[in-house]
Amino acid sequence: MCSPSSIAQSFVRSSPSRIGRNVTVRRQAALRTLSTTSSSSNLTSTSTQPEPNPHLQVLLQNPELSENDATNELRWIVSEVRSHAAKEMARGRLPPIEDERVGQLVRRRAEGEPLQYILGSTDFGPLNLLCKKPVLIPRSETAHIFTLLSQSILSSISLLSSAARPKEPLSILDLCTGSACIPLLMTHLNPLCTVVGIDNSPAAVALGNANVQKLQMSERVKVRYGNVFSDPEALLLGAQLREGGRIGMVVSNPPYIPYDQYQDLPRSVRVYESPSALLGDGLRHYEPGRGLKFYERISQVLEDLLVEEEKMVNQGWSDIPRVAVEVGLGQATEVEDILRSSKGGVVGRTEVWKDQYGSDRMVVGWSR
Ligand SMILES: C[S@@+](CC[C@H](N)C(=O)[O-])C[C@H]1O[C@@H](n2cnc3c(N)ncnc32)[C@H](O)[C@@H]1O
């Protein structure tokens with residue numbers, strides 16, 4: 001079964017076999033119900049000799065969709081339209097005519113718009129997050145590696161129910177936060193952390209805040225405007241951390257696609273998702289690079305952002321990673337070198353962690 005995370009949004013390594021691993025049981029159940037409740041509508045026909053479904057024919061004009069993808073995506077679109085109609089009626093409002101509304105959404109998908117933007121949401125690990133063009137659609141690999149990171153942090157401390165657990169929450173700074181997917185996942189998985197997410201896109205800051213509201217996490221997750229290339233003091237000030245203090249850990253899934261690879265991304269990514277969320281050397285195309293500028297910047301400012309290791313240990317946070325960044329294909333070794341040469345020697349040891357598809361996807365750094 002395919003999911004909204006189609007090949008088109010999986011620019012990181014576009015393997016068709018990865019399609020479909022992001023589907024919630026809830027959505028599947030809804031679809032099962034839909035496909036077994038036959039009606040006169042051509043959307044759910046159970047006739048023994050089915051007519052070609054006109055919506056399916058339109059969807060298949062999108063070259064990124066297989067027939068299987070298109071069949072499943074049509075079901076999701078129908079499901080969404082019905083659920084929206086039910087909500088409108090519950091509010092006493094007349095919903096749009098179902099088949100016309102499905103036709104509109106199908107045409108957008110046929111033109112290549114990612115399904116997540118059309119439906120307005122996506123699953124991210126156990127969470128369901130709002131999506132809005134052009135803010136980057138959170139990827140399942142990101143959910144996987146940041147889940148591993150949260151598990152690693154939790155396993156390094158005393159039981160949460162023990163008196164020996166850390167007295168202070170772990171404060172995390174997420175640079176390039178986008179939809180705030182990483183802060184929301186990390187706080188969801190670890191009740192002992194707080195996260196501030198920074199992004200220089202007003203659209204991302206607005207969407208991140210909408211997600212914080214949706215998941216009612218405003219006590220522990222803040223999303224602020226900020227530029228990774230600004231002075232670290234300004235970054236900390238902009239993050240409005242308690243008492244202007246420093247933080248325990250820096251995490252990031254920064255833009256990392258080199259320009260020469262950007263041109264080969266699926267059209268749905270290039271046309272709909274912001275280039276500034278993707279291009280790792282900035283938007284100045286005439287300066288081809290390896291997509292590593294954000295990692296270089298992070299390694300320059302880490303020392304100014306992080307609390308000293310001694311203080312972390314005193315607070316009960318011993319031997320936890322101090323930095324963790326998602327990386328693109330083939331970048332892990334170079335990013336390890338970049339982080340290990342951080343100013344002030346704050347990263348003494350690094351590891352490369354794999355995503356669920358076996359690709360090197362995250363570089364994690366410890367003080368020692
Ligand atoms: C690859 S996206 C990651 C978004 C999110 N963390 C995720 O995993 O889905 C990178 C994000 O970096 C933001 N960004 C780009 N340049 C930036 C800069 N100089 N300072 C802060 N954020 C930046 C983009 O707006 C985008 O939201």
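In this predicted model, the axes of helix H3 (residues 67–90) and helix H4 (residues 98–110) come within 10 Å and cross at roughly 135°. H3 is therefore oblique to H4, and the crossing in which H3 passes H4 is right-handed. On the H3 side, the residues that meet H4 are Glu73, Leu74, Ile77, Val78, Val81, Arg82 and Ala85. Their counterparts in H4 are Glu98, Arg101, Val102, Leu105, Val106 and Arg109. By class, this contact of H3 with H4 holds 8 nonpolar and 5 charged residues, with no polar ones.

A record also bears on this part of the chain. An unreviewed UniProt entry lists residues 93–120 as "domain: Release factor glutamine methyltransferase N-terminal". Over residues 93–120 the chain is 64% helix and 0% strand, and the C-alpha atoms at the two ends are 21 Å apart.

Two further helix pairs were examined. The axes of helix H6 (residues 140–155) and H7 come within 10 Å and cross at roughly 40°, so that H6 is oblique to H7. H6 passes H7 in a right-handed crossing. Thr142, Ala143, Phe146, Thr147 and Ser150 of H6 make the contact with Cys181, Ile182, Leu185, Met186 and Leu189 of H7. The residues of this contact of H6 with H7 comprise 7 nonpolar and 3 polar, with no charged.

For helix H12 (residues 293–305) and helix H14 (residues 332–340), the axes come within 8 Å and cross at roughly 20°. Because angles under 35 degrees count as roughly parallel, H12 is roughly parallel to H14. This crossing of H12 with H14 is right-handed. Tyr295, Glu296 and Ser299 of H12 face Val335, Ile338 and Leu339 of H14 in the contact.

The residue classes of the contacts and of the ligand shell are set out below.

| Group | Nonpolar | Polar | Charged |
|---|---|---|---|
| Contact of H3 with H4 | 8 residues | no residues | 5 residues |
| Contact of H6 with H7 | 7 residues | 3 residues | no residues |
| Contact of H12 with H14 | 4 residues | 1 residue | 1 residue |
| Shell around the ligand | 12 residues | 9 residues | 1 residue |

The ligand is surrounded by 22 residues, of which the closest are Cys176, Gly178, Ser201, Asn253 and Ala277. Helix H7 (181–189) and strand S4 (193–199) are the elements that give two or more residues to this shell. H7 thus recurs in the description: besides its part in the ligand shell, H7 has a contact with H6 that includes Cys181 and Leu189.

Terms used. Residues numbered from 1 in each chain as written. Predicted model: local features only at pLDDT ≥ 70, side-chain atom pairs only at ≥ 80, totals over all residues. Axes fitted to C-alpha atoms, helices over the stretch in contact; angles between N-to-C directions. Helix = DSSP H or I, 4+ residues; strand = E, 2+ residues; numbered from the N terminus. Parallel < 35°, antiparallel > 145°, perpendicular 65-115°, else oblique. Left-handed = near helix turned anticlockwise from the far one by under 90°. Contact = placed C-beta atoms within 7 Å. Nonpolar A, V, L, I, M, F, W, Y, C, P; charged D, E, K, R; others polar. Near = placed C-beta within 6 Å. UniProt positions renumbered as here; feature names shortened; annotations may be inferred.
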